[in-house]
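Me: I would like to go through this model piece by piece. Please keep the replies short and end each on what I asked for.

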Amino acid sequence: MSDPLLRWRSEFPVLENTVYLISHSLGAMPRRTRDRLNEYADIWSTRGIRAWEEGWWNMPVTVGNLIGQIIGAGPGEVTMHQNVSICQSIVASCLDWSGKRNKIVSEGLNFPSNLYIHHQTEALGARVVTVPSEDGISVPQEKLLAAIDEETLLVSVSHIIFKSAYIQDLRAITRRAHEAGALVIADIYQSAGTLPLNVRELGVDFATGGSVKWLCGGPGAGYLYVRRDLWPKLEPKLTGWMAHKKPFAFDPGQIDFADDAFRFLNGTPNVPDLYAARSGYEIIHEIGVEHIRAKSMRQTQMLIDLAEEAGFPVNSPRNPSERGGTISINVPNGYEVTQELLRRDFLLDYRPGAGIRIAPHFYTQDQELESVIREIQSIVAPVGRFR
Ligand SMILES: Cc1ncc(COP(=O)(O)O)c(C=O)c1O
């Protein structure tokens, strides 16, 4: 079967000498990213200080617009930051935790950084309610919805759960949260770039993610979407001079927040990483996330079938509409098997409780999936003997 997405393989040098199945952790670097980094160095070295007004200053928003195209946000609605942890902290710092409505409802399988930040917010008056998973894969939605009440200020959920790639129903969660008068922050790190989504249609109040994984943008470029009609009401305590209405007035004293999304920025942006990140976003947008998703559903199913044929338990949802881009396979001595696979240039990872995580992306060939399962079989058989 011909696969038009494979024409992108030559754009990703690491695919030449590895079996690259780790885009849930670090997407492959596009060839053109090197040119972008050279462009950054050229501009700095030839334009000097003029670079700020010639583009650098606005990059947190102009690069954010590229993310906006992928996640359904409008122009100017996404700002770039260093990572999700910072974005979550900015959002928590916008809210008043001192009143009766002070609950954060979250899920036990949320990314740990998010949970750490929620618990740190307890010092400001927040009460954290975390709905546990019963199977290590999903979070019971009815229990999550039932935990949201009139005292809930923020519902903080992953769109796709990082450990199991389970897709949560953001629409239903947002509907319930809004009925109860609560706000929703969605961590879309594991969905943006592999599952079509539209933050405006979903109605979430905040969305955050980063570029390291499916977006092939490298580290240092996290993003924050905030629903436009909320902007005037939100004044982050985690702030800085770039968020001021007139930053170059260098006014001392209290901040007067910018009217636009600059109000969510703080200090000097991470310009080189914003240069690096753009190529990945452009490629993902050009391919179209719906095409990436169609291929991902086919290849994740293929992996499940291959793993089951080999007798390996699969810790990922069987229902394709609940399954993101990663398949977790639980083999005996999973950590050691993973180390051996890495030595053999099969790039993937291991998470305790989940197993070996394998993620095909748009550049993956079917035969690479066959070969990784064969390789696991060849390692498990002898390792098994020494248990
Ligand atoms: C769902 C999710 N959120 C957040 C992160 C990372 O957060 P940060 O950008 O703060 O490193 C990851 C992965 O590293 C993730 O899978």
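Me: Which residues of α1 are buried?
Reply: This is a predicted model, where local features need pLDDT of at least 70, side-chain atom pairs count only at pLDDT 80 or more, and totals for chains, interfaces and linings use all residues. Residues are numbered from 1 along each chain as its sequence is written, and side-chain values use heavy atoms, with hydrogens and water left out. Buried means under 20% relative accessible area, exposed over 50% and partly exposed in between, with a 1.4 Å probe and protein chains only. In α1 the buried residues are Thr 33, Arg 36 and Tyr 40.

Me: Why do Thr 33, Arg 36 and Tyr 40 count as being on the same side of α1?
Reply: An α-helix has 3.6 residues a turn, so residues three or four places apart point the same way. The arc is taken over the directions from the helix axis to the C-beta atoms. Thr 33, Arg 36 and Tyr 40 are on the same side of α1 because they cover an arc of only 55° around the axis.

Me: Which residues on the other side of α1 are exposed, and which helices do its buried residues pack against?
Reply: Exposed on the other side are Arg 34, Ser 45 and Thr 46. Contact means heavy atoms within 4.5 Å. The buried residues of α1 pack against α2 (50-56) and α9 (271-287).

Me: What span does α1 reach from its first C-alpha to its last?
Reply: Helices (H or I, at least four residues) and strands (E, at least two) are DSSP runs, numbered from the N terminus. The expected span of a helix is 1.5 Å times one less than its number of residues. α1 covers residues 32-47, 16 residues, with 22 Å expected. Its span is close to that, at 22 Å.

Me: What span do the end C-alpha atoms of α10 give, and which glycine just after α10 has a positive phi?
Reply: Helix α10 (residues 289-309) has 21 residues, which should span 30 Å at 1.5 Å a residue. Its end C-alpha atoms agree, at 30 Å apart. Just after α10, a positive phi of about 85° is taken by Gly 311.

Me: In what order do the seven strands of the open sheet run, and which are the edge strands?
Reply: Two strands pair if DSSP finds at least two bridges between them. The order is β2-β8-β7-β6-β5-β3-β4, with mixed pairing. Pairing on one side only marks the edge strands, β2 (78-81) and β4 (127-131).

Me: How many bridges join β3 to β5, and what is the partner of Lys 103?
Reply: Strands of a sheet pair through backbone hydrogen bonds, either parallel or antiparallel. β3 (residues 103-107) and β5 (residues 152-158) run parallel, and the bridges joining them number four. The partner of Lys 103 in β5 is Thr 152.

Me: At about what angle does α7 run to β5?
Reply: Axes are lines fitted to C-alpha atoms, for helices over the stretch in contact, and angles run from 0 to 180 degrees between N-to-C directions. Helix α7 (residues 170-179) lies across β5 and β6 (183-187). Its angle to β5 is about 175°.

Me: How many disulfides are found, and how far is the sulfur of Cys 87 from the closest cysteine sulfur?
Reply: A disulfide is a pair of cysteine sulfur atoms within 2.5 Å. A search of the whole structure finds zero. Cys 87 is buried, at 0% relative accessibility. The closest cysteine sulfur is in Cys 94, too far for a bond at 11 Å.

Me: Which residue is the partner of Tyr 350 in β12, and which glycine in the hairpin has a positive phi?
Reply: β11 (residues 349-351) pairs with β12 in the antiparallel sense over three bridges. In β12, Tyr 350 has Ile 356 as its bridge partner. The hairpin has three residues between the strands, and the positive phi, near 85°, belongs to Gly 353.

Me: Is Thr 194 buried or exposed, and what does it contact?
Reply: Thr 194 is in the loop between β6 and α8 (199-202). At 2% relative accessibility, Thr 194 counts as buried. Leaving aside neighbours within four places in sequence, Thr 194 contacts Trp 214, Val 289, Ile 292, Arg 293, Ser 296 and Gly 325.
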